[in-house]
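Reader: I should be grateful for a close look at one part of this model, with attention to how its aromatic side chains are arranged.

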Amino acid sequence: MTFDFVFQAEDGIRDLVRSRGLGDVYKRQLYSLMNYAGLKLGTHYPEGGFGSVVKAMVDLAKMKGVTFHYNANVEKIEIKHNEANALLVDGKLFPCDAIVAAADYHHVETKLLPSKYRNYTEEYWSKKTFAPSSLIFYL
């Protein structure tokens, strides 16, 4: 079994009308927990910086047979029988058991998914203000 990871970055999106995702109460609870952990447990940094964590994850993945494709253009998510089953990358089709789309939602919906499988219209997206995004995770 082989695993392929394709990396493609796009800008994130900020909804000016109302918050999406976690509700405001849950966000406050999550931030309170994060503050508590920082104050009571301390802040720790990996030796060699956070880049060393990424390098260690890549090294481990490669040892497990994962292939990474950098600077690759993901053109389309292929869907068959209502299931995503392949990625079209730089003109080559990569069959997949699962796909995790890490590009911003707008890009995935409007550029990668066939229109039949989109959740929002162009009118919806035209009312949004785009902004950089980030992913924060704690181990």
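Does Trp125 count as buried or exposed, and what is its relative accessibility?

Author: In this predicted model, Trp125 has a relative accessibility of 4% and therefore counts as buried, the cut-off being under 20%. The surroundings of this residue are best described through its ring contacts. Ring pairs join Trp125 with Tyr105, Tyr120 and Tyr124 into a cluster. The count of aromatic pairs comes to six. One of them is formed by Tyr105 and Tyr120, whose rings meet edge-to-face, with 5.8 Å from centre to centre and 80 degrees between the planes. Tyr105 belongs to helix α3 (residues 105–112), whereas Tyr120 sits in the loop between α3 and α4 (122–126), so this pair ties together parts that are 15 residues apart in sequence. Tyr105 counts as partly exposed because its relative accessibility is 39%. Tyr120, at 31% relative accessibility, likewise counts as partly exposed. Tyr120 also pairs with Trp125, again edge-to-face, at 5.7 Å centre to centre and with 80 degrees between the planes. In this second pair, a partly exposed tyrosine, Tyr120, thus meets a buried tryptophan, Trp125. Tyr120 therefore takes part in two edge-to-face pairs, one with Tyr105 and one with Trp125, and the pair with Tyr105 is the one that ties helix α3 to the loop between α3 and α4.

Terms used. Residues numbered from 1 in each chain as written. Predicted model: local features only at pLDDT ≥ 70, side-chain atom pairs only at ≥ 80, totals over all residues. Heavy atoms only, no water. Phe/Tyr/Trp six-rings, centres within 6.5 Å; stacked < 30°, edge-to-face > 60°. Helix = DSSP H or I, 4+ residues; strand = E, 2+ residues; numbered from the N terminus. Buried < 20%, exposed > 50% of the residue type's maximum accessible area, 1.4 Å probe, protein only.
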